[in-house]
Amino acid sequence: DVECLNWLADAEVPVSVVFTKMDKKKKKCPKNSENILAFEREMHEIFEHMPPRVATSSASGVGKDGLLRYLARLRNLAEQTAVVPSLPFLDI
């Protein structure tokens with residue numbers, strides 16, 4: 001995950017991070033909140049400005065509304081700023 005974020009940051013690709021399965025607890029592993037904090041520390045090393053983040057659970061529905069609102073805002077922004085290139089007609 002961190003390697004992928006490094007690549008995206010180097011390529012200047014905008015990213016958003018979704019932490020999933022927040023209802024799951026693996027045996028002998030740190031709490032989800034501790035994992036998120038550790039991941040965010042790694043992200044601070046990569047990004048000058050932290051990308052948007054949301055924690056979700058499909059089982060409990062936690063984070064669903066926030067994620068859907070965020071995706072709707074991204075869609076609206078893309079629709080407002082979309083530039084469709086004009087391509088020449090190819091007669092084949």
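## Starting with a cut-off

A residue counts as exposed when its relative accessible area is over 50% and as buried when that value is under 20%, with partly exposed in between. Glu12 comes to 71% relative accessibility, so Glu12 counts as exposed. Keep those two limits in mind, as they come back for several other residues. One more thing to know at the outset: the model is predicted.

Glu12 sits in the loop between H1 and S1. Its backbone deserves a look too: phi is positive there, at about 55 degrees, although Glu12 is not a glycine. For context, most residues other than glycine have a negative phi.

## The chain as a whole

Let us step back to the overall layout. The chain has three helices and two strands, and from the N terminus on these elements follow the order α-β-α-β-α. Of its 92 residues, 17% count as buried.

How much of the contact count comes from residues 24 or more positions apart? Among contacts in the chain with a separation of 6 or more, such pairs account for 58%.

## The nonpolar core

The largest nonpolar core is made up of ten residues: Leu5, Leu8, Val15, Val17, Phe19, Ile36, Phe39, Met43, Ile46 and Phe47. At least two residues of this core come from each of helix H1 (2-10), strand S1 (17-19) and helix H2 (32-46). Which element gives the most? That is H2, with four residues.

Phe39, one of the core residues, has several partners from elsewhere in the sequence. With neighbours within four places left aside, Phe39 is in contact with Asp1, Val2, Leu5, Val17 and Phe19.

## One aromatic pair

There is one aromatic pair in the structure. Its members are Phe19 and Phe39, arranged edge-to-face, with 5.8 Å centre to centre and 90 degrees between the planes. Because Phe19 lies in strand S1 and Phe39 in helix H2, the pair ties together parts that are 20 residues apart in sequence. Are these two rings' residues buried or exposed? Both Phe19 and Phe39 are buried.

## The largest pocket

Rolling a probe the size of a water molecule over the atoms shows where empty space is left. Here, the largest pocket holds about 460 Å³ of space. Its lining has 20 residues, and the closest to the pocket centre are Asp1, Phe19, Thr20, Asn32 and Asn35. Phe19 thus turns up again, having already appeared in the aromatic pair.

H1, S1 and H2 are the elements that give two or more residues to the lining. H2 gives the most, with four residues. By residue class, the lining divides into eleven nonpolar, four polar and five charged.

## Thr56 and Asn6

Where is Thr56 placed? Thr56 is in the loop between strand S2 (53-55) and helix H3 (64-81). Its relative accessible area is 10%, so Thr56 is buried. Beyond its neighbours within four places in sequence, Thr56 is in contact with Val18, Phe19, Thr20, Lys21, Met22, Val62, Gly63 and Leu67. That list includes Phe19 and Thr20, both named among the residues closest to the centre of the largest pocket.

Asn6 belongs to helix H1. With a relative accessible area of 33%, Asn6 lies between the two limits and so is partly exposed. Asn6 and Met43 are 37 residues apart along the chain, and their C-alpha atoms are separated by 8.8 Å. Met43 is itself one of the residues of the largest nonpolar core.

How values were computed. Residues are numbered from 1 along each chain as its sequence is written. This is a predicted model: local features need pLDDT of at least 70, side-chain atom pairs count only at pLDDT 80 or more; totals for chains, interfaces and linings use all residues. Side-chain values use heavy atoms; hydrogens and water are left out. A nonpolar core is a set of buried Ala, Val, Leu, Ile, Met, Phe, Trp, Tyr and Cys residues joined through side-chain atoms within 4.5 Å. Buried means under 20% relative accessible area, exposed over 50%, partly exposed in between (1.4 Å probe, protein chains only). Contact means heavy atoms within 4.5 Å. Rings of Phe, Tyr and Trp (its six-membered ring) pair if their centres lie within 6.5 Å; planes under 30 degrees apart count as stacked, over 60 as edge-to-face and the rest as tilted. On a 1 Å grid over the protein atoms alone, a cavity is a set of points where a 1.4 Å probe fits but cannot get out, and a pocket is an open set with protein on both sides within 12 Å along at least five of seven lines; lining residues have an atom within 4 Å of a point. Grid points are joined across faces, edges and corners, and a volume is the space filled by probe spheres set on the points. Ala, Val, Leu, Ile, Met, Phe, Trp, Tyr, Cys and Pro count as nonpolar, Asp, Glu, Lys and Arg as charged, and the others, Gly among them, as polar.
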